[in-house]
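Work through these short exercises on charged side chains. Try each task before you read its solution.

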Amino acid sequence: MKNISQWCSNIFSFFYPLCCVSCHGVLQQNELYFCLPCLLHLPETYFHQVKDNPLQYIFMGRVKVENVASLLFYRKGNQVQHILYNLKYKGNKGVGEYLGDYYGRKLTKVDSYRSIDYIIPIPLHKKKLKKRGYNQSEWIAMGLSKGMSKPYLNDILVRTEFTETQTRKNRFSRWENVKEVFQVLNKEKIKGKHLLVCDDVLTTGATMEAALIKLLEVPGVTVSVVTLAAAHK
């Protein structure tokens, strides 16, 4: 029976080969989401190993954040842009879980991330969630949860207002667009906890900042931030 199943899988792969989300080359049998060359050459930041890294300054003087890190450098046209596009717009949500797990295992080796109690994804508004069918940040949270052996909660932070895209806005405009769009539910569950808030990409930090401010209104809460990618010029 196992041989028949493998034979069917091989036939399916022949006609519908799985492709690397980075270079779009055909994946080999033991590869998942990435071909080996692309996986080995991901532009990793290693910011989780550096407490005083450049991402910390995004929030400095605005909101108190314990740690900030991103797995990958994002630049227009680089392979990370292709990965995020696949994650957000091509239904390839599993790549978010895969990279979340990959990064989560790295984070567990750093003392400052071991005190995390819960992982919180940045939510989508219900209209956008219905249109897209899934929240890419929640899939990242699922992966981080696996890699770090920490629970993720999707019933804490909700998006109450539908906002237009942030892509072409400057920092001030982004902040004006999102400053009152989040609400915190089930506050008792997170009192006194260290929360790891995750998203797909960190640019100006306006959306993340708005979410963090709401979470920090809960007594005793401390926050850290992780994203798959960070904008890098």
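Start with one residue in this predicted model: Glu66 has a relative accessible area of 24%, which makes Glu66 partly exposed.

**Exercise 1.** Find the salt-bridge partner of Glu66 and classify that partner as buried or exposed.

*Solution.*
Step 1. Glu66 pairs with Lys64. The closest N and O atoms are 3.9 Å apart.
Step 2. Check the cut-off: a salt bridge needs the nitrogen within 4 Å of the carboxyl oxygen, so 3.9 Å passes.
Step 3. Lys64 has a relative accessible area of 62%. Exposed means over 50%, so Lys64 is exposed.

**Exercise 2.** Asp155 and Lys189 form a salt bridge. Work out where each residue sits along the chain.

*Solution.*
Step 1. The N to O distance is 3.1 Å.
Step 2. Asp155 lies in the loop between α7 (136-148) and β3 (157-159). Lys189 belongs to helix α9 (residues 187-190).
Step 3. The two residues are 34 residues apart, so the pair links distant parts of the chain.
Step 4. Now the accessibility. Asp155 is partly exposed at 28%. Lys189 is partly exposed too, at 34%.

**Exercise 3.** Classify Lys191 and Glu188 by relative accessibility.

*Solution.*
Step 1. These two form a salt bridge, with the closest N and O atoms 2.9 Å apart.
Step 2. Lys191 has 38% relative accessibility. This value falls between 20% and 50%, so Lys191 is partly exposed.
Step 3. Glu188 has 60%. This is over 50%, so Glu188 is exposed.

**Exercise 4.** How many salt bridges does the structure hold?

*Solution.* The count is eight. Among them are the Glu66–Lys64 pair and the Asp155–Lys189 pair.

Conventions:
Residues numbered from 1 in each chain as written. Predicted model: local features only at pLDDT ≥ 70, side-chain atom pairs only at ≥ 80, totals over all residues. Heavy atoms only, no water. Salt bridge = Lys/Arg side-chain N within 4 Å of Asp/Glu carboxyl O. Buried < 20%, exposed > 50% of the residue type's maximum accessible area, 1.4 Å probe, protein only. Helix = DSSP H or I, 4+ residues; strand = E, 2+ residues; numbered from the N terminus.
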